[in-house]
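Me: I would like to learn how to read the features of a model like this one, step by step. Could you take me through it?

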Amino acid sequence: MCIDYLHEEELWDREKLSALQADRLRQVVETAKNSRFYSEKFSNLDARDIRNVEDVRRLPFTSKDDLREYYPDGFLCRPLEEMVRMHASSGTTGSPTAIFYTRSDLNTWADLVARCMYMAGMRSWDVFQNLSGYGLFTGGLGIHYGAERLGALTIPAGAGNSKRQIKLLKDFQVSVMHIIPSYALHLSNVIRSSGLNSEDFNLRIALIGAEPHTEEIRQRIQEQYNISAYNSYGLSEMNGPGVGFECREQKGMHIWEDAYILEVLDPQTLVPVPEGELGELVLTSLTREAMPLIRYRTKDLTRIIPGKCECGREHTRIDRIQGRSDDMIILKGVNIYPLQVEKVLMGIPEVGQNYLIVLERQDYIDSMRVRVEIKDEYFVEDMRVLRGLEQKIAHSLKEEILITPQVELVEHNSIPNNQGKAERVMDNRLCR
Ligand code: AMP
Ligand code: ZN
């Protein structure tokens, strides 16, 4: 059976969409009052203030710090017994944000993802391999259930182990894969060095997301696999993947406006930027039951693409994510804050004052090197002692940020300390 995932709402005009958004926003305001966060912090929320969708601007913002402060369940609008799943934003074990889902949330989320996949040309007869990490990341189960909802044969391959990925892709003649762009480029190198080429596979589509990448990277993926690659955007706080996705036109990602209200604001003044200009994406979830978020500051920088898409959908398009308005690093799809690194380093007695995170890219693989100043008394000549210390630091960092960095010990006062704000991150990757 072929399930048609072209939803009626996808073809609605602006007027109809806006009316639905206003209705759903009123409902969200009512629901949000049931949470500890919104009832304590914004006790004057009133659904009667919402006459149209523009009135979203009268509502307060929600930030990641709020999610952390009210961790773990201060945003729940329904009793814990009604929750059937939780995820957490990636890479933030030190200061986590927990996201809960009711059964209905999982249902609407799977629908949204299935719609994205259908829009990009995937169909129920496709064989689909998900190369995202499963577990707390939403890119695993979120994409997985969307593909099953569409009706595709779904292979939950998970992340890493290139040899096994290639075997699965080949043996099951996979036609659509979901993959992080940097890993897609690496995997194609492995494929070529194994003596295989695109003719050995049946791939026709890649869904790529989770980290910023340029148009050039997309082109390269398309050429190397001889496929079409579509950008996929999402974040745990808004369910996960399935928030924005490219259609066959490949000219920006449609945000599903029946499920989200989007604003693009100047990150300093929080005033909307003119259409087409770069700003911070702010999202309000309209169909989440467990923990709807109002005006959530994503910190992702993008712009609204003006004009109507040739595919006919009126859902607003955003450009690829250009970067962040905060200092969050995205490395291999994992989110890392410099402060997490600092917290670990400052807990190690041998470590001095200064450190520098250096991000590099070689053969399409991103890596992190952490240059760490060591106190004079520990900077001994015995290499074994120093190697041991490097390993200890690398291990402690892995525990916190989920990625093993290369650690380089340097003498006290050898990292340039510009007057004023210390430079903590040097990003030498090309595509940012
Ligand atoms: P998480 O909440 O762990 O799923 O991480 C969500 C974050 O990953 C977003 O806020 C973005 O910064 C980043 N991200 C997700 N999808 C993309 C994409 N297609 N392009 C660039 N960055 C992305
Ligand atoms: Zn379109």
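Reply: Let us begin with an intermediate case of accessibility, keeping in mind that this is a predicted model. Leu270 has a relative accessible area of 25%, so it is partly exposed, because buried means under 20% and exposed over 50%. Leu270 sits in the loop between strand 10 (260–265) and strand 11 (279–285).

Me: What is the sign of phi at Leu270, and about how many degrees is it?

Reply: The general idea is that most residues other than glycine have a negative phi. Leu270, although not a glycine, has a positive phi of about 60°. Asn239 also has a positive value, with phi near 100°, and is placed in the loop between strand 7 (228–235) and strand 8 (240–246). Asn239 counts as buried, because its relative accessibility is 2%.

Me: Which peptide bond is cis?

Reply: Here the general idea is that most peptide bonds are trans. In this model the bond from Tyr71 to Pro72 is cis, its omega being near 0°, and Pro72 belongs to the loop between helix 3 (64–69) and strand 1 (83–88).

Me: How should I read the metal site, and which residues coordinate the zinc ion (ligand 2)?

Reply: One looks at the donor atoms, then at the angles among them, and then at the positions of the donors in sequence. The zinc ion (ligand 2) is coordinated by SG of Cys247, NE2 of His254, SG of Cys309 and SG of Cys311, at 2.1 to 2.3 Å. The angles among the 4 donor atoms run from 103 to 116°, and the site is tetrahedral, while the spacing of the donor residues in sequence is C-x6-H-x54-C-x1-C.

Me: Is Cys309 buried or exposed, and what is the relative accessible area of Cys311?

Reply: Cys309 counts as buried because its relative accessibility is 6%, whereas Cys311, with a relative accessible area of 26%, is partly exposed.

Me: Which residues have the most contacts inside the largest nonpolar core?

Reply: A core is read by its membership and by the contacts among its members. The largest nonpolar core has 68 residues, and those with the most contacts inside it are Met117, Phe128, Tyr233 and Leu283. Helix 4 (residues 103–119) supplies the largest share of this core, 8 residues. Leaving aside residues up to four places away in sequence, Leu283 touches a set of residues including Tyr233, Leu235, Val243, Leu262 and Ile294. There is also a second, separate core of 27 residues, which includes Tyr183, Leu187, Ala206 and Ile221.

How values were computed
Residues are numbered from 1 along each chain as its sequence is written. Chains are lettered from A and ligands numbered from 1 in the order in which they are written. This is a predicted model: local features need pLDDT of at least 70, side-chain atom pairs count only at pLDDT 80 or more; totals for chains, interfaces and linings use all residues. Side-chain values use heavy atoms; hydrogens and water are left out. Donors are N, O and S atoms within 2.8 Å of the metal (3.2 Å for Na, K and Ca); water is not among the atoms, so sites may look incomplete. Four donors count as tetrahedral if all angles lie between 85 and 135 degrees; four count as square planar and six as octahedral if opposite donors are over 155 degrees apart and all others between 65 and 115; anything else is irregular. Buried means under 20% relative accessible area, exposed over 50%, partly exposed in between (1.4 Å probe, protein chains only). Helices (H or I, at least four residues) and strands (E, at least two) are DSSP runs, numbered from the N terminus. A nonpolar core is a set of buried Ala, Val, Leu, Ile, Met, Phe, Trp, Tyr and Cys residues joined through side-chain atoms within 4.5 Å. Contact means heavy atoms within 4.5 Å.
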